[in-house]
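Here is a friendly walk through one model, from its strands outward to its loops. Please keep the sequence and the 3D view open while you read.

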Amino acid sequence: MRSFLFLLGSSRRDGNTETLARHAAATLAPDVRQRWLRLDDHPLPPFQDIRHTGDGVYPVPEGAEKLLAEATLDATDLVIVSPLYWYSVSATTKLYLDYWSAWMRVPGYDFKARMAGKTVWAVTTISEEDESVADPLVGTLRLSAEYFGSWGGALVGYANRPGDILRDTGALERAAAFFSPGARSADTGSSSYRP
């Protein structure tokens with residue numbers, strides 16, 4: 001059974017990117033489990049790179065880190081929901097991704113092997129009509145996904161002010177088919193905004 005984890009990385013609650021992701025999620029079959037976690041509600045401490053310190057082993061996560069690590073491992077599909085912030089993912093999203101390095105080095109987690117069967121997706125909104133501004137964000141998430149397993153694609157919408165995404169009918173139409181097999185373009189695996 002598929003299980004989708006939606007990781008909300010916006011600093012604004014119920015923003016355009018989340019709205020777009022919820023439109024896409026509404027098309028998932030009723031038997032597909034959905035879990036939504038707002039990264040701001042589960043803050044992580046600054047990431048410490050100890051890979052080359054001592055034995056390079058990270059302790060078993062506790063608190064918010066444990067919740068996020070276990071939710072990540074429990075899902076079959078991970079959906080990174082982050083607006084474009086300075087041409088990349090939000091700070092909370094980047095911090096969450098940094099913790100993947102730690103979770104690979106937690107004894108007993110088998111994080112890399114367990115990630116291999118998962119598909120990673122991206123949902124984002126941009127405030128410029130030039131969709132190429134989202135390329136760094138999409139590239140970060142695609143390469144991270146491919147390092148572990150499978151890249152599902154990117155859904156990109158145009159929105160500037162709150163509620164603007166509801167006027168991007170093209171993005172809403174793409175959202176309705178985003179998680180459907182064969183809905184993504186063959187070359188990039190992305191479903192992106194076209195002005």
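In strand 2, which residue is the bridge partner of S3? The partner is R33. Before going further, please bear in mind that this is a predicted model.

**The strands**

The pair S3 and R33 belongs to a longer match: strand 1 and strand 2 run parallel and are joined by six bridges. Strand 1 itself is mostly covered, with six of its six residues buried. Its side chains go two ways: S3, L5 and L7 point to one side, while F4, F6 and L8 point to the other, and all of them are buried.

Strand 4 gives a similar view. Eight of its eight residues are buried, and this strand too is mostly covered. On one side you will find T119, W121, V123 and T125, and on the other V120, A122, T124 and I126, all buried.

Strand 4 also has partners to look at. It pairs with strand 3 in the parallel sense over five bridges, and I80 stands opposite A122 of strand 4. Eight bridges join strand 4 to strand 5, again running parallel; here T124 stands opposite V156 in strand 5.

**Helix 1 and its cover**

Is helix 1 largely enclosed or largely open? Seven of the ten residues in helix 1 (residues 16-25) are buried, so the rest of the structure largely encloses this helix. The buried ones are N16, T17, E18, L20, A21, A24 and A25. Their cover includes strand 1 (3-8), strand 2 (33-38), strand 3 (77-81), strand 4 (119-126), strand 5 (150-158) and helix 6 (169-177).

N16 deserves a closer look. This residue of helix 1 has a relative accessible area of 6%, under the 20% cut-off, and therefore counts as buried. A polar atom of the N16 side chain lies 3.0 Å from the backbone oxygen of R161. Setting aside neighbours within four places in sequence, N16 is in contact with T125, A159, N160, R161, P162, G163, D164 and I165. T125, in that list, is also one of the buried residues of strand 4.

**The largest pocket**

The largest pocket holds about 320 Å³ of space. It is lined by 16 residues, and the closest to its centre are P83, L84, Y85, T125 and S127. Helix 1 and strand 4 each supply at least two residues of this lining. What is the make-up of the lining by residue type? It divides into seven nonpolar, seven polar and two charged residues.

L84, among the residues closest to the pocket centre, can also be placed relative to P136. The two are 52 residues apart in sequence, with their C-alpha atoms 9.3 Å apart in space. P136 is found in helix 5 (residues 135-148).

**A buried threonine in helix 3**

T93 sits in helix 3. The side chains of T93 and S90 are joined by a polar contact of 2.8 Å. Leaving out neighbours within four places in sequence, the contacts of T93 are G9, L39, I80 and S82. I80 is a name we met earlier, as the residue opposite A122.

**Two positive phi values**

Most residues other than glycine have a negative phi. W86 departs from that pattern, with a positive phi near 50 degrees, and lies in the loop between strand 3 and helix 3 (91-103). D110 is not a glycine either, and its phi is positive at about 50 degrees. D110 is found in the loop between helix 3 and helix 4 (111-115).

**Accessibility side by side**

How accessible are some of the residues named above? The table gathers them.

| Residue | Relative accessibility | Class |
|---|---|---|
| N16 | 6% | buried |
| T93 | 1% | buried |
| P136 | 39% | partly exposed |
| D110 | 52% | exposed |
| W86 | 78% | exposed |

Why does D110 count as exposed? Its relative accessibility is 52%, and exposed means over 50%, so D110 falls in that class. P136, at 39%, is partly exposed because that value lies between the 20% and 50% cut-offs.

Terms used: Residues numbered from 1 in each chain as written. Predicted model: local features only at pLDDT ≥ 70, side-chain atom pairs only at ≥ 80, totals over all residues. Heavy atoms only, no water. Buried < 20%, exposed > 50% of the residue type's maximum accessible area, 1.4 Å probe, protein only. Helix = DSSP H or I, 4+ residues; strand = E, 2+ residues; numbered from the N terminus. Contact = heavy atoms within 4.5 Å. Polar contact = N/O pair within 3.5 Å; in protein donor to acceptor, adjacent residues only side chain to side chain. 1 Å grid on protein atoms, 1.4 Å probe; cavity = no way out; pocket = protein on both sides within 12 Å on 5 of 7 lines; lining within 4 Å. Points joined across faces, edges and corners; volume = space filled by probe spheres on them. Nonpolar A, V, L, I, M, F, W, Y, C, P; charged D, E, K, R; others polar. Pairing = 2+ DSSP bridges.
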